[in-house]
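Biologist: Can you walk me through this one? I'd like to start at the surface and then work inwards.

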Amino acid sequence: MDDYPLLSLFWTMLEFFLFILWFFLLFKIITDIFRDHDMGGWGKAGWLIFVILLPFLGVFVYLIARGSSMARRDREQMQAADAAFRSYVKETAAGPDGGGAGTHVDELAKLADLRKSGAISEEEFQKAKEKLLA
């Protein structure tokens, strides 16, 4: 290790970083090829062959030719995922009966008021509470 200068070590680290970065870019382009719904099967096959057989030229040509539509597809996918997440949160917060989580709290408050006023006993309160929370 004594005969390997520090500058060479930095240069090797840079080459390694660029090599890993290149693979990330290559995989990003390959997934974009398959994600594109506007392109037909032969177009996808052609781009894939071009990117695999001539990787450097294929990747650069793809970025120049279809780079802006890559960003649009990324944005559409993120918006669809966000809309799906928001829909899931709304459905989950509404609960199975569609009344929301507030209905359980309201029911428990009514049961507690009935117990305080003496309309129901402690045993009836516990049974109703278990039934409500089950």
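Modeller: Sure. Keep in mind that this is a predicted model. On the surface, Tyr4, Leu6, Leu7, Leu9, Phe10 and Met13 form a nonpolar patch. Together they have about 630 Å² of accessible area.

Biologist: Where is Met13 found?

Modeller: Met13 is in helix H1.

Biologist: And is Met13 buried, partly exposed or exposed?

Modeller: Partly exposed, because its relative accessible area is 49%, and exposed means over 50%.

Biologist: What about Tyr4, where is its place?

Modeller: Tyr4 sits in the segment before helix H1, which covers 6–35. Tyr4 is partly exposed too, at a relative accessible area of 38%.

Biologist: Which residues does Tyr4 touch, leaving out those up to four places away in sequence?

Modeller: Leu9 and Thr12. With Thr12 there is a polar contact between the side chains, at 2.4 Å. Also, a polar atom of the Tyr4 side chain lies 3.4 Å from the backbone oxygen of Ser8.

Biologist: New topic. How many salt bridges does the structure hold?

Modeller: It holds 10. One of them joins the side chains of Asp74 and Lys28, at 3.0 Å from N to O.

Biologist: Which parts of the chain does that pair link?

Modeller: Distant ones. Asp74 is in helix H3, residues 55–94, and Lys28 is in helix H1. They are 46 residues apart.

Biologist: Is Asp74 buried or exposed?

Modeller: Asp74 counts as buried because its relative accessibility is 19%, and the cut-off for buried is under 20%. Its partner Lys28 is partly exposed, with a relative accessible area of 32%.

Biologist: Which other side chain does Asp74 meet in a salt bridge?

Modeller: Arg35, at 2.7 Å from N to O. This pair also links distant parts of the chain, with Asp74 in helix H3 and Arg35 in helix H1, 39 residues apart.

Biologist: So which residues are linked in the network of salt bridges?

Modeller: Lys28, Asp32, Arg35, Asp36, Arg66, Arg73 and Asp74.

Biologist: What about Arg72 and Glu76, how do their side chains meet?

Modeller: In a salt bridge, 3.4 Å from N to O. Arg72 and Glu76 are separated by about one helical turn because they are 4 residues apart in helix H3.

Biologist: Are Arg72 and Glu76 buried or exposed?

Modeller: In between. Arg72 counts as partly exposed, at 31% relative accessibility. Glu76 is partly exposed as well, with a relative accessible area of 41%.

Biologist: Let's go inside. Which residues make up the largest nonpolar core?

Modeller: There are 12 residues in all. Among them are Trp22, Leu26, Ile29, Ile30, Trp47, Val59 and Met70.

Biologist: And which elements give two or more residues to this core?

Modeller: Helix H1, helix H2 (41–53) and helix H3. Helix H1 gives the most, with 5 residues.

Biologist: Why would residues like that sit together?

Modeller: In soluble globular proteins, nonpolar side chains tend to be buried together.

Biologist: Pick one core residue. Which residues does Ile29 touch, again skipping those up to four places away?

Modeller: Ile29 touches Val51, Val59, Tyr62, Leu63 and Met70.

Technical notes
Residues numbered from 1 in each chain as written. Predicted model: local features only at pLDDT ≥ 70, side-chain atom pairs only at ≥ 80, totals over all residues. Heavy atoms only, no water. Buried < 20%, exposed > 50% of the residue type's maximum accessible area, 1.4 Å probe, protein only. Contact = heavy atoms within 4.5 Å. Polar contact = N/O pair within 3.5 Å; in protein donor to acceptor, adjacent residues only side chain to side chain. Salt bridge = Lys/Arg side-chain N within 4 Å of Asp/Glu carboxyl O. Patch = residues over 30% accessible without salt bridge, like charges linked within 9 Å, V, L, I, M, F, W, Y side chains within 5 Å. Areas by Shrake-Rupley, 256 points an atom, 1.4 Å probe, with all protein chains shown as cover. Core = buried A, V, L, I, M, F, W, Y, C linked by side-chain atoms within 4.5 Å.
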